[in-house]
Amino acid sequence: MNTFDYIIIGAGASGLLLADAMGNDTFFKDKKILLIDKDAKNTNDRTWCFWEKGNGKFDAIVYKKWDSLHFEGAQFSKRNIIAPYSYKMIKGLDFYNYYLSSIKEYANITFIQSEVLDLKETSAEVVVETKHHQFTGTYIFSSLFNYKMATQQKKYPVLQQHFVGWEIKTNKPVFNAGEVTYMDFSVTQKGNTRFMYVLPYSTDTALIEYTLFSENKLPVDEYEQAIKEYILGRYNCDTYEIIEKESGSIPMTAYDFREHHTNRIRYIGTAGGWAKPSTGYTLMSTTKKIPQLVAYIKQGKPLQKLKLKNKFRFYDMLFLDVLSNNNANGHFIFESIFKSLKPQKVFKFLDEETNIIEDITYINACPKLPFIKALFKRLF
């Protein structure tokens with residue numbers, strides 16, 4: 001009864017998308033699949049944002065989309081229509097409800113709420129210990145992430161994209177509901193890469209996040225004070241209701257998480273290194289990697305051998321080397337890129353869809369000296 005062919009640990013984006021992909025594939029129709037998460041997934045604990053051309057697989061649950069993008073630097077301000085792209089947002093609870101509902105329709109998939117405590121692997125199976133049960137699986141896919149997975153090595157720097165966000169409703173219309181503020185570097189940098197990120201739902205409602213790319217998180221009150229000052233300074237507004245709060249930390253590292261995989265255990269999502277190292281965006285990266293993983297599973301090969309790295313991992317590594325060496329460089333890099341290039345070209349590069357000529361165009365938009373230094377340090 002407690003024996004499964006596949007066990008997926010974590011019902012976040014990667015776990016749910018993997019479970020749904022397996023449920024949709026006739027190859028797995030006779031396989032027993034278990035999905036475990038310590039939470040019931042019934043709260044709106046986060047948001048996912050991404051850019052996309054035209055319609056996409058998540059449109060049924062997209063809460064809001066924007067067709068214009070605002071970038072604010074210390075020296076210039078830029079607003080662009082981003083067609084053929086749209087910038088889209090999904091609320092966490094909508095995502096969970098949609099995919100858990102879909103997964104319930106698959107007779108071979110079971111969802112259990114329980115906290116995983118330990119994994120014990122043998123040559124033939126993996127035993128999953130939870131608070132109340134013990135399960136046995138032939139193959140395990142885990143999205144449980146711990147920063148120690150990356151920080152136990154010194155070859156690659158490990159930064160964090162950490163943030164606190166407030167969804168607020170103001171007492172007057174102050175937002176441009178058709179425009180997302182992708183990065184606003186007008187806030188004091190304090191030796192780090194710091195910016196505001198604004199997703200307006202209407203003229204009087206928005207999610208405002210104070211975000212940093214740095215090694216260490218801040219006390220919560222420092223994020224919240226920065227948000228208060230920004231709302232007052234940018235929008236001349238001091239009367240508003242805080243509807244929801246969210247916070248998070250996403251690893252930014254070129255470290256190869258494959259070192260943690262075994263023949264029967266494969267880490268997925270953030271724990272598998274699926275977050276884009278230079279930006280922290282994970283959802284669309286995950287949608288590209290899930291089909292590759294599923295195709296590999298169907299071949300019956302050891303999970304450890306699947307490789308998902310490409311040339312962009314090297315570019316990301318140099319970027320993070322630069323930020324690690326001098327974290328205050330961040331806003332100079334992004335300002336240089338957005339001043340020189342249209343957002344569409346930036347999106348294409350970050351989507352890892354550019355050819356070598358387009359790569360060179362993007363690289364030329366970056367400040368040269370810090371990247372040359374980082375390259376020589378890596379080579380020599």
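**Exercise 1.** Which residue stands opposite Leu69 in strand 6?

*Solution.* Begin with the two strands involved in this predicted model: strand 5, which covers residues 68–72, pairs with strand 6 in the antiparallel sense, and 5 bridges join them. Following the pairing across to strand 6, one finds Asn80 opposite Leu69.

**Exercise 2.** Work out the strand order of the open sheet, and explain why strand 6 and strand 16 each have one side without a neighbour.

*Solution.* First, write down the order of the 7 strands, which is 6-5-13-14-15-12-16, and note that the pairing is mixed. Next, look at the edges, where strand 6 (77–81) and strand 16 (240–252) stand; each has a single partner strand, so one side of each is left without a neighbour in the sheet. Finally, consider the twist: on average, and with direction ignored, neighbouring strands of this sheet are turned by 15° against each other.

**Exercise 3.** Identify the strands that helix 6 touches, and then describe how helix 6 packs with helix 9.

*Solution.* Helix 6 (residues 311–325) packs on the sheet, where it touches strand 12, strand 14, strand 15 and strand 16, and its direction makes about 85° with that of strand 12. Turning to helix 9 (residues 356–364), the angle between helix 6 and helix 9 is about 10°, and their axes lie 13 Å apart. Since angles under 35 degrees count as roughly parallel, helix 6 is roughly parallel to helix 9. The residues in contact are Lys311, Phe312 and Tyr315 from helix 6, together with Ile356, Asp359 and Ile363 from helix 9. Sorted by class, this contact has 4 nonpolar and 2 charged residues, with no polar ones.

Definitions and conventions: Residues are numbered from 1 along each chain as its sequence is written. This is a predicted model: local features need pLDDT of at least 70, side-chain atom pairs count only at pLDDT 80 or more; totals for chains, interfaces and linings use all residues. Side-chain values use heavy atoms; hydrogens and water are left out. Two strands pair if DSSP finds at least two bridges between them. Helices (H or I, at least four residues) and strands (E, at least two) are DSSP runs, numbered from the N terminus. Axes are lines fitted to C-alpha atoms, for helices over the stretch in contact, and angles run from 0 to 180 degrees between N-to-C directions. Contact means heavy atoms within 4.5 Å. Angles under 35 degrees count as roughly parallel, over 145 as roughly antiparallel, 65 to 115 as roughly perpendicular and the rest as oblique. Ala, Val, Leu, Ile, Met, Phe, Trp, Tyr, Cys and Pro count as nonpolar, Asp, Glu, Lys and Arg as charged, and the others, Gly among them, as polar.
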